[in-house]
Each structure stands twice: as C-alpha cells, then as structure tokens.
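Welcome! Here is a short guided tour for anyone meeting this structure for the first time. Have a look at the fold, then read on.

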Amino acid sequence: MVHGMRMDSHISYVNGGGGWRDSAQRFALLPLRVFLGVTFIYAGLDKLTDSAFLHASGPGSIGEQMHGVRNISAIPALVDLALKSPAGFGYAIALGELAVGIGTLIGLLARIAAVGGMLISLSLWLTVSWSTHPYYLGNDLAYLMAWLPLVLAGAPVFSADALLATRRRARRGLA
C-alpha cells in the first residue's frame, strides 16, 4: 500500500470472485440504476397521466412551461422548436423518459438508455433549469452527471444485458 491506496490489480473482481470490496465494486452502480430507472419511469408516467401537462396552453401545460422558460434558457431556439408542437414535444419527453427508465431499470441496452437519459437531462438543463442560481440548486445538471457512470459502465450485473452476454458466451462455448 502506498499512501493508503490499493495498488493491486483486483484480479478477483475481474474473475467474479473475491471479498466484500470486490462485491461492493461489482454492485456499486446498482443503486444508481434503480434510482434513475424508477425516477424516469415515474416522471414519464406522471406526464402521461397529468390531464393538463400534454396541452399547448393552460395552467400546468407543457406549452405554458416552455413559454415561461423561453427567454431565460441557454438555447431559446431549442424551446422555439419545441413550441411548434408543444403536445408532441410533451409526448416525446414523456415516452423518452419511460423508455430510458425501463431500459435502465432492467438493464436492457443500458448504455443506450443512459445516453438517452443524459440527452433528456441535458435538454432540460439547457432550457428549464439553466437560469437557476446558484447552479447546484437545479437538479437537471445533477441528473446529467449521474447518467455518466452508466454510459461508461453499462449494467454489468442484474441486467438483461448481462444475461444476454452470458447466453452469447455459452453458445460460443466460452462460459
């Protein structure tokens, strides 16, 4: 050990065995996957079941929200594009959140789902929460950063991706 840091190669982690540290590393992203998956499923369902949200105008509508943030967003042209069809944009966001949440939660095409989550969070940060000061009070930037580990690592455990990879290896005689 040098300065309290482990300097070994973590071979037991790579091989699937090992002690509690190796298990902790293997399952470290699972709580983040569950949190982001459930949150995005909830957000998508909340939008789809809200009687006011998917309208072009009126209290609580996506159209009213976009008109409210248009002049304070980082990219007003992005809001203008969405304002061409507020209800369509609302459905796209809601269905996108639902797809991202389900993909993340079950670990199916997990990296692609995480990229989708990043894009949704980025678009919300650049529009809805861009003017939040100080910046750390807005949650969209935090969600954007939370997706990054899942983009990099995917869903290596308790996931459809891992199950499919195991089946592919077994068919090739590698498992």
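A residue is called buried when its relative accessible area is under 20%, exposed when that value is over 50%, and partly exposed in between. By that standard, buried residues account for 34% of the 175 residues in the chain. Please keep in mind that this is a predicted model.

**The chain as a whole**

- The secondary structure consists of 9 helices and 0 strands.
- Reading from the N terminus, the order of elements is therefore easy to remember: α-α-α-α-α-α-α-α-α.
- Of the contacts between residues at least 6 apart in sequence, 65% link residues at least 24 apart.
- About 10500 Å² of the chain is exposed, and carbon and sulfur atoms supply 68% of that area.

**Helix α6**

- Helix α6 covers residues 86–106, which is 21 residues.
- From first C-alpha to last, α6 reaches 30 Å, close to the 30 Å expected at 1.5 Å a residue.
- Several glycines of α6 are buried, namely Gly 90, Gly 96, Gly 101 and Gly 103.
- The buried residues of α6 also include Pro 86, Ile 93, Ala 94, Glu 97, Leu 98, Val 100 and Thr 104.
- Which helices do the buried residues of α6 pack against? They pack against α3 (30–49), α4 (62–69), α5 (76–83), α7 (110–127) and α8 (139–153).
- Just after α6 comes Gly 107, with a positive phi of about 75 degrees.

**Lys 47, in helix α3**

- Lys 47 belongs to helix α3.
- Is Lys 47 buried or exposed? Its relative accessibility is 18%, so Lys 47 counts as buried.
- Leaving aside residues up to four places away in sequence, Lys 47 touches Phe 53, Leu 54, Ile 93, Ala 94 and Glu 97.
- Ile 93, Ala 94 and Glu 97 in that group are themselves among the buried residues of α6.

**Leu 126, in helix α7**

- Leu 126 sits in helix α7.
- Leu 126 counts as buried because its relative accessibility is 15%.
- How far apart in space are Leu 126 and Ser 73, C-alpha to C-alpha? The distance is 6.0 Å, although the two are 53 residues apart in sequence.
- Once residues up to four places away in sequence are set aside, Leu 126 touches Ser 73, Ala 74 and Ile 75.

Terms used
Residues numbered from 1 in each chain as written. Predicted model: local features only at pLDDT ≥ 70, side-chain atom pairs only at ≥ 80, totals over all residues. Heavy atoms only, no water. Helix = DSSP H or I, 4+ residues; strand = E, 2+ residues; numbered from the N terminus. Expected span 1.5 Å × (residues − 1). Buried < 20%, exposed > 50% of the residue type's maximum accessible area, 1.4 Å probe, protein only. Contact = heavy atoms within 4.5 Å. Areas by Shrake-Rupley, 256 points an atom, 1.4 Å probe, with all protein chains shown as cover.
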